[in-house]
Amino acid sequence: MHSKKDEGILLSGCQADETSEDVSDSEGGGKACGAFSNAVQKVLKENSGPLSNREVVMMARKILRAQGFEQHPCLYCSDENADAPFLWQPEC
């Protein structure tokens, strides 16, 4: 039996026993969006260089904490994928 390379990557807005909060996006005309999704967008907007999946989640956690949210975003994947470039970014 051969084990397949783990290609799955899951980013969650919070831990299983928490609630993912919404935030009103002032730039989007006041429409509600996920606080974690909003934090990820801020991370990408503020960092022009490539970031790993792990870096994106850790930076988003800091933004959420600074905004007063108590949710803790999680990254579920192999160590190799944690250090892989986030989505479409070029290799680090």
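A nonpolar core is a set of buried Ala, Val, Leu, Ile, Met, Phe, Trp, Tyr and Cys residues joined through side-chain atoms within 4.5 Å. In this predicted model, the largest such core holds 13 residues, of which Val40, Ala60 and Leu64 touch the most other members. Two elements give two or more residues to this core, namely helix H1 (35-46) and helix H2 (53-66). The largest share, five residues, comes from H1.

These two helices belong to a protein with three helices and four strands. Along the sequence, the elements follow the pattern β-β-β-α-α-β-α. Of the 92 residues of the protein, 29% count as buried. Among contacts between residues at least 6 apart in sequence, 63% join residues at least 24 apart. The exposed surface of the protein comes to about 6,500 Å², and carbon and sulfur atoms supply 51% of that area.

Helix H1 has 12 residues, and the distance from its first C-alpha to its last is 16 Å, close to the 16 Å expected at 1.5 Å a residue. Its buried residues are Ala35, Phe36, Asn38, Ala39, Val40 and Val43. Three of these, Ala35, Phe36 and Ala39, are touched by Leu64. Beyond them, the contacts of Leu64 include Phe69, Gln71 and Pro73, when residues up to four places away in sequence are not counted.

Helix H2 also agrees with the expected geometry: at 1.5 Å a residue its 14 residues should span 20 Å, and its end C-alpha atoms are 20 Å apart. The buried residues of H2 are Asn53, Val56, Val57, Ala60, Ile63 and Leu64. These residues lie on the same side of H2, because they cover an arc of only 120° around the axis. On the other side of H2, Lys62, Arg65 and Ala66 are exposed. What does the buried side of H2 pack against? The buried residues of H2 pack against strand S1 (9-12), H1, strand S4 (74-77) and helix H3 (79-82). Just after H2, Gly68 takes a positive phi of about 90°.

Among the buried residues of H2, Asn53 merits separate attention. Asn53 has a relative accessible area of 3% and therefore counts as buried, since the limit for that class is under 20%. Not counting residues up to four places away in sequence, Asn53 touches Ile9, Leu75, Asn81, Ala82, Ala84, Pro85, Phe86 and Leu87. Asn53 and Cys77 are 24 residues apart in sequence, while their C-alpha atoms are 9.5 Å apart in space.

The cysteines remain to be considered. How many disulfides does the model contain? A disulfide requires a pair of cysteine sulfur atoms within 2.5 Å, and by this rule the count comes to zero. For Cys74, the closest cysteine sulfur is that of Cys14, at 7.5 Å, which is too far for a bond. Cys74 counts as buried because its relative accessibility is 9%. Cys77, by contrast, has a relative accessibility of 25% and so counts as partly exposed.

Notes. Residues numbered from 1 in each chain as written. Predicted model: local features only at pLDDT ≥ 70, side-chain atom pairs only at ≥ 80, totals over all residues. Heavy atoms only, no water. Buried < 20%, exposed > 50% of the residue type's maximum accessible area, 1.4 Å probe, protein only. Contact = heavy atoms within 4.5 Å. Areas by Shrake-Rupley, 256 points an atom, 1.4 Å probe, with all protein chains shown as cover. Expected span 1.5 Å × (residues − 1). Arc of directions from axis to C-beta.
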